[in-house]
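Work through the exercises below with the sequence and the structure side by side. Each task is followed by a solution that goes step by step.

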There are 2 protein chains.
Amino acid sequence: MVAFIAGAFATRPPVTTMEATLSDGVVHASGNARERFYDSQGYGQPRANGALALAPVEAAHLLFRGDLDAVDGMDFHDFLASGSVSETVFLVYKDLRDRGFYLSPAREAFADDPDGADLIVYPRGKGPWDDEVAYRIRVVGERTDVPATELGDVVLAVVDEESEITYFETGVPEIEGNSRTDLPAEIEGELLSDRVTVPRPPEGLYEECFYGQPLDESASDVLQLSLLEAAYLAREGALAVDGGAHVLQERGRAVEGERFDRRLAVYTTLRERGVVPKTGFKFGADFRTYADVESVADLGHSEFLVRVVPGDHVFSPRDLALDVRLAHGVRKRMVFALTDAKGAIDWLTVTRLTP
Amino acid sequence: MVAFIAGAFATRPPVTTMEATLSDGVVHASGNARERFYDSQGYGQPRANGALALAPVEAAHLLFRGDLDAVDGMDFHDFLASGSVSETVFLVYKDLRDRGFYLSPAREAFADDPDGADLIVYPRGKGPWDDEVAYRIRVVGERTDVPATELGDVVLAVVDEESEITYFETGVPEIEGNSRTDLPAEIEGELLSDRVTVPRPPEGLYEECFYGQPLDESASDVLQLSLLEAAYLAREGALAVDGGAHVLQERGRAVEGERFDRRLAVYTTLRERGVVPKTGFKFGADFRTYADVESVADLGHSEFLVRVVPGDHVFSPRDLALDVRLAHGVRKRMVFALTDAKGAIDWLTVTRLTP
């Protein structure tokens, strides 16, 4: 059946008939395979006996191109159907080759560092004989969930049901800002059902430190604080409400359970780093953040959208695509705050990548 | 404290000093309250004794405007802090009044049909004395989860932490199309790990019926089908694979569990209605849909983004905002397919509304 698939290559026959054998998950090709495939194109690993060891995905690509005729008598389609290679990994391998990269399967070629990666991509113009890596790629289908803890040092390549590939670069963001971190002297607030009002707020509380929001445009001398802002200020001793700080936390938990505590931990950390978090509701996120607030009147663009998730969160690639696409559309970076039960936070940023 | 809030109204004192009393959740105002508030502005319900019965949110708004001086001695801020009225409902009530609508609290004014609504909004220029309703509004905070089953006939008003309000119209979409529903004569396919390939597919299978995707641009005579497309075709007797249709379903379940069955039920229903579902991955959805496919070469804009959720799904307003905003940005309508265990589907559409 290879004829249908490799039709475009029919005019470029193999230099010599080239067959190969599969054993223990490695495809062995002899003859001039090393010269043709490794030396000039970066496929496989040369072995001491002069033969070339190919990973199944490399062999599949050579079959697809028509450079290999068969592996144990199987043509490209039979080889794929044999289960020797995942077709999602093959599709990504092919896409990256089409983009001009040399690459190797991670598990075979880099046994010392395959963790979480399926493919190792070399910088353009480089190959397996060099010592540089451009991307470590993890391949999943659009329906395969991915634990958040497995991201951060790989590029996630998602193959959708139409075999289109979306690449997500994952990493650890630098989250530091220069917004004012000083707290006001203790102010008094009144807890309503879902927010706290502060009458006659101290100068700068809103305008410079960007806490709260005036209740009404015509009434800038009453400030309303979100429960989160109020809980933070109260815990820092900067806000007094009847019943004390824990009343605010209890109110928050009443609506969203332990999620409130996780969000408070993230809010607190962001503030401590000089970054101002405000609600990200309109963007479907927990927070949007401002790194350099000098005054609300002269507010810059917010840089990040932050979504707070538990440390053991598992991403659906679809939801990841949604978050990242929306963030991109509003010129912000999507950041996930992975919080454990004690409030420790691992930061993860995910952005769309075009290799 | 009302002075700070109603500062803007200080130049417009009440015509007469107007006080009111609260009992059993109803605020009673006498004197000329009926003429001033009901007849000319649509607040409250007139009672036989000539007095006016106001819902707490109405009284709060009159206090806020300075038209009422006090309720049981409480000014606006005290009244809000007393817990007699939810400030989120108040904020939405105020916003709609600011937009020029007359409205009533649903529970008090429409005891026969308050289901799931907090506020009843009359068409512009109409009031409680008329018999028309423009919107039934349900009010939630940005952190309050909302069961999907409670949507479909209300407008959801979400008050975010900065008290900005986003309105979502919810309804039941008409999902009908004119795409071809005839199935091919039985074709043969080969199951790979995550898709099915069909060599030499019958004419029109892709080009007219929009099943599958060519494996490669240079190889249009091998079609790949997603597991979902393949499972559908196999169950309809239009595709044969080794082991039969149930092998496809098992493979699907292996990756995404019972979600695969729910997605298959939605896929099937859409196809039966003449609508072509294709992956919505790039938009973070399960499907994008095409209502009138005559040929892939002349494909129109896809109309809906469909997300498949269990029938007992509970929306986080934040996630709803995300889906609806993204769909709007790509000029599609967001549709949720609520599926029960037997594959029955309730459709729900959610769009952003500016009242």
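## Exercise 1: a strand and its partners

Find how strand 8 of chain A pairs with strand 10 (residues 155-159) of chain A, then with strand 7, and decide whether strand 8 is buried or exposed.

Solution. In this predicted model, strand 8 of chain A and strand 10 of chain A run parallel to each other and are joined by five bridges. Within this pairing, Gly141(A) stands opposite Val159(A) in strand 10 of chain A. Turn next to strand 7 (residues 119-121) of chain A, which is antiparallel to strand 8 of chain A and linked to it by three bridges, with Leu119(A) standing opposite Ile137(A).

For the last step, take the side chains by direction: Tyr135(A), Ile137(A), Val139(A) and Gly141(A) point one way from strand 8 of chain A, whereas Arg136(A), Arg138(A) and Val140(A) point the other way, and all are buried. Because seven of the seven residues of strand 8 (residues 135-141) of chain A are buried, this strand is largely enclosed by the rest of the structure.

## Exercise 2: a residue in strand 23

Decide whether Leu353(A) is buried or exposed, and list which residues it is in contact with beyond its neighbours within four places in sequence.

Solution. Begin with its place, which is in strand 23 (residues 345-353) of chain A. The relative accessible area of Leu353(A) is 11%, and since buried means under 20%, this residue is buried. Once neighbours within four places in sequence are left aside, Leu353(A) is in contact with Tyr135(A), Val155(A), Tyr167(A) and Glu169(A).

## Exercise 3: where the two chains meet

Describe the contact between chain A and chain B, and place Ala321(A) in helix 10 of chain A.

Solution. Start with the extent of the contact, to which chain A and chain B each bring 71 residues. The area buried between the chains is about 6,500 Å², with carbon and sulfur atoms giving 53% of it.

Continue with the polar side of the contact, where 16 salt bridges are counted between chain A and chain B. One of the salt bridges joins Asp319(B) to Arg307(A), and their closest N and O atoms are 3.1 Å apart. On the side of chain A that touches chain B, helix 10 (residues 317-329) of chain A gives the most, with eight residues.

Finish with Ala321(A), which lies in helix 10 of chain A and counts as buried at 6% relative accessibility. Not counting residues up to four places away in sequence, Ala321(A) touches Phe168(A), Phe281(B) and Gly284(B).

Note on methods: Residues are numbered from 1 along each chain as its sequence is written. Chains are lettered from A and ligands numbered from 1 in the order in which they are written. This is a predicted model: local features need pLDDT of at least 70, side-chain atom pairs count only at pLDDT 80 or more; totals for chains, interfaces and linings use all residues. Side-chain values use heavy atoms; hydrogens and water are left out. Contact means heavy atoms within 4.5 Å. Buried area is the accessible area (1.4 Å probe) that two parts lose on being put together, summed over both. A salt bridge is a side-chain nitrogen of Lys or Arg within 4 Å of a carboxyl oxygen of Asp or Glu. Helices (H or I, at least four residues) and strands (E, at least two) are DSSP runs, numbered from the N terminus. Buried means under 20% relative accessible area, exposed over 50%, partly exposed in between (1.4 Å probe, protein chains only). Two strands pair if DSSP finds at least two bridges between them.
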